[in-house]
Amino acid sequence: RSVLQPKIDLRTMQIVGFEALTRLVGEDGSLSPAADFIDAATELGLLDDITEMLLDEITAGRSEEHTS
């Protein structure tokens, strides 16, 4: 599962960017710790593919927002 977490400038309280967070979801609905997810993706050689997929997902979502 992937979500965007806003990055906020605490001086101005303005959103200055976003951080993409991706976690594996277990059968029971629990989320894996980030380190476990990154370690597994790296070990399997999937980190670059996952990064590309996430960027595609995020930019597609942004495109949909601008066309709605």
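Two residues count as being in contact when they have heavy atoms within 4.5 Å of each other. With that in hand, a look around Thr22 is a handy way into this predicted model. Thr22 belongs to strand S2, which covers residues 14-22. Setting aside the neighbours within four places in sequence, Thr22 is in contact with Arg1, Ser2, Phe37 and Leu54. Its relative accessibility comes to 15%, and because the cut-off for buried is under 20%, Thr22 counts as buried.

Stepping back, the chain has two helices and two strands. Read from the N terminus, the order is β-β-α-α. Strand S1 spans 2-9, and S2 takes up residues 14-22. Next along come helix H1, at 34-43, and helix H2, at residues 47-67. The chain has 68 residues, and buried ones make up 13% of them. About 5600 Å² of the chain is exposed, with carbon and sulfur atoms supplying 56% of that area. As for reach along the sequence, take the contacts between residues at least 6 apart: 16% of these join residues at least 24 apart.

Now for the strands. Glu19, a residue of strand S2, touches Val3, Leu4, Gln5 and Lys7, once residues up to four places away in sequence are left out. Glu19 and Gln5 are 14 residues apart along the chain, yet their C-alpha atoms are separated by 5.1 Å. Glu19 itself is partly exposed, at a relative accessible area of 40%. Val16 sits in S2 as well. Not counting residues up to four places away in sequence, Val16 touches Lys7, Ile8 and Asp9. Between the C-alpha atoms of Val16 and Pro6 there are 7.6 Å, for a pair 10 residues apart along the chain. With 58% relative accessibility, Val16 counts as exposed.

Between S1 and S2 runs a loop, and Met13 has its place there. What stands out about the backbone of Met13 is phi: the angle is near 60 degrees, a positive value in a residue other than glycine. Met13 also counts as exposed, at 57% relative accessibility.

Met13 turns up again in a nonpolar patch on the surface, together with Leu4, Ile8, Leu10, Ile15 and Phe18. The patch amounts to about 660 Å². Strands S1 and S2 are the elements that give two or more residues to this nonpolar patch. Ile15, for one, is found in strand S2 and counts as exposed, its relative accessibility being 53%.

Charge shows up in two places worth a visit. One is a salt bridge, and the structure holds just one of them. The partners are Arg11 and Asp9, whose closest N and O atoms are 3.1 Å apart. The two ends of this pair sit quite differently with respect to the surface: Arg11 is exposed, with a relative accessible area of 74%, whereas Asp9 counts as buried at 18% relative accessibility. Asp9 has already come up above, as one of the residues that Val16 touches.

The other place is a surface patch of negative charge, where Asp48, Asp49, Glu52 and Asp56 gather. Asp49, one of this group, has its place in helix H2.

Last comes the stretch that leads from the strands to the helices. Ser32 lies in the loop between S2 and helix H1. Is Ser32 buried or exposed? Its relative accessible area is 17%, and because buried means under 20%, Ser32 counts as buried. Leaving out neighbours within four places in sequence, the contacts of Ser32 are Arg23, Leu24 and Phe37. Phe37 ties this back to the start, being in contact with Thr22 too.

Terms used. Residues are numbered from 1 along each chain as its sequence is written. This is a predicted model: local features need pLDDT of at least 70, side-chain atom pairs count only at pLDDT 80 or more; totals for chains, interfaces and linings use all residues. Side-chain values use heavy atoms; hydrogens and water are left out. A salt bridge is a side-chain nitrogen of Lys or Arg within 4 Å of a carboxyl oxygen of Asp or Glu. Buried means under 20% relative accessible area, exposed over 50%, partly exposed in between (1.4 Å probe, protein chains only). Helices (H or I, at least four residues) and strands (E, at least two) are DSSP runs, numbered from the N terminus. Accessible areas come from the Shrake-Rupley method with a 1.4 Å probe; for residues, only the protein chains shown count as cover. Patches are made of residues with over 30% relative accessible area and no salt bridge: like charges are joined within 9 Å, nonpolar side chains (Val, Leu, Ile, Met, Phe, Trp, Tyr) within 5 Å. Lys and Arg count as positive and Asp and Glu as negative; His and the chain ends are not counted. The place of a charge is taken as NZ of Lys, CZ of Arg, CG of Asp or CD of Glu.
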